[in-house]
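User: Hi! Could you walk me through this model, starting from one residue and working outwards?

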Amino acid sequence: MREKVIIIGAGGHGKVVLEILQLSGDFVVAGFIDADATRQGERIELAGQSYEILGAINQIPKLKKQGVTGAVVAIGDNRIRMGYAAEVKKAGLKLVSAIHPKSLISPTAKLGENLCIAAGAIIGTETLIGDSCIINTGAILDHECRIGEGVHIAPGTVLAGRVTVDSQAFIGMGSRILPCLTIGQNATVGAGAVVIADVPAFSRSAAETVD
């Protein structure tokens, strides 16, 4: 029996997560939750199916009574995504992950909860991914990478072996990170950057070689 879930966040990333859940076939999507009160009752259309925006997160108790047991937070901002994940758990729903059937994940990788692993992503041998991460379209994480909670790894990014990315860091689109480096907590690596040295916590790199 498929689990009945909601998606929190009805923006573009929410549609990506919806499509992944549709393709996986493991879940029934009951609808969306969104903080924008003006969108309540609006419908999201995808692949010939229609899903209602059911209101804000305070609707969870009502939805639980209607058989909803799980949720995935589909919000790009790391801090907000982690905050909503905490609220979901406090409300008694299970956090589930959206894992695209055309991603490639090593059987030795260890995955947290509330993940979005998009189409074409590759997760290498003994890689560890913490809760509430986004591994976006076509991203590659080679062997033994360590990804903290609430990280967003953008499309087309490549992490070589044994890279560590600490919690809530953002790795920009198409960037490249050399082996055994560490990207600090809440750091930002700009799109297209080539990272050749550790990036300190809370720092921001430009879209160029980072050393």
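User: Leaving aside neighbours within four places in sequence, which residues is Ile75 in contact with?

Analyst: Happy to help, and please keep in mind that this is a predicted model. Ile75 sits in the loop between S5 and H3. Once its neighbours within four places in sequence are left aside, its contacts are Ile8, Gly9, His13, Ile80, Arg81, Tyr84 and Ile134.

User: What separation do the C-alpha atoms of Ile75 and Ile8 have?

Analyst: Ile8 is among the contacts of Ile75. Along the chain the two are 67 residues apart, while their C-alpha atoms are separated by 7.3 Å.

User: Is Ile75 buried or exposed?

Analyst: The cut-off for buried is under 20% relative accessible area. Ile75 has 17%, so this residue counts as buried.

User: Which strands stand at the edges of the sheet?

Analyst: Four strands make up an open, parallel sheet, in the order S2-S1-S5-S6. Two of them have a single partner strand each, so one side of each is left without a neighbour in the sheet: S2 (27-33) and S6 (94-95).

User: In S6, which residue is the bridge partner of Gly70?

Analyst: S5, residues 70-73, pairs with S6 in the parallel sense over two bridges. For Gly70, the bridge partner in S6 is Lys94.

User: At about what angle does helix H3 run to S5?

Analyst: Helix H3 spans residues 78-90 and lies across S1, S5 and S6. Its angle to S5 is about 170 degrees.

User: Is Leu104 buried or exposed?

Analyst: Leu104 belongs to strand S8 and helps make a nonpolar surface patch with Ile122 and Ile140. Exposed means over 50% relative accessible area. Leu104 is at 55%, so this residue counts as exposed.

Definitions and conventions: Residues numbered from 1 in each chain as written. Predicted model: local features only at pLDDT ≥ 70, side-chain atom pairs only at ≥ 80, totals over all residues. Heavy atoms only, no water. Pairing = 2+ DSSP bridges. Contact = heavy atoms within 4.5 Å. Axes fitted to C-alpha atoms, helices over the stretch in contact; angles between N-to-C directions. Patch = residues over 30% accessible without salt bridge, like charges linked within 9 Å, V, L, I, M, F, W, Y side chains within 5 Å. Areas by Shrake-Rupley, 256 points an atom, 1.4 Å probe, with all protein chains shown as cover. Salt bridge = Lys/Arg side-chain N within 4 Å of Asp/Glu carboxyl O. Buried < 20%, exposed > 50% of the residue type's maximum accessible area, 1.4 Å probe, protein only.
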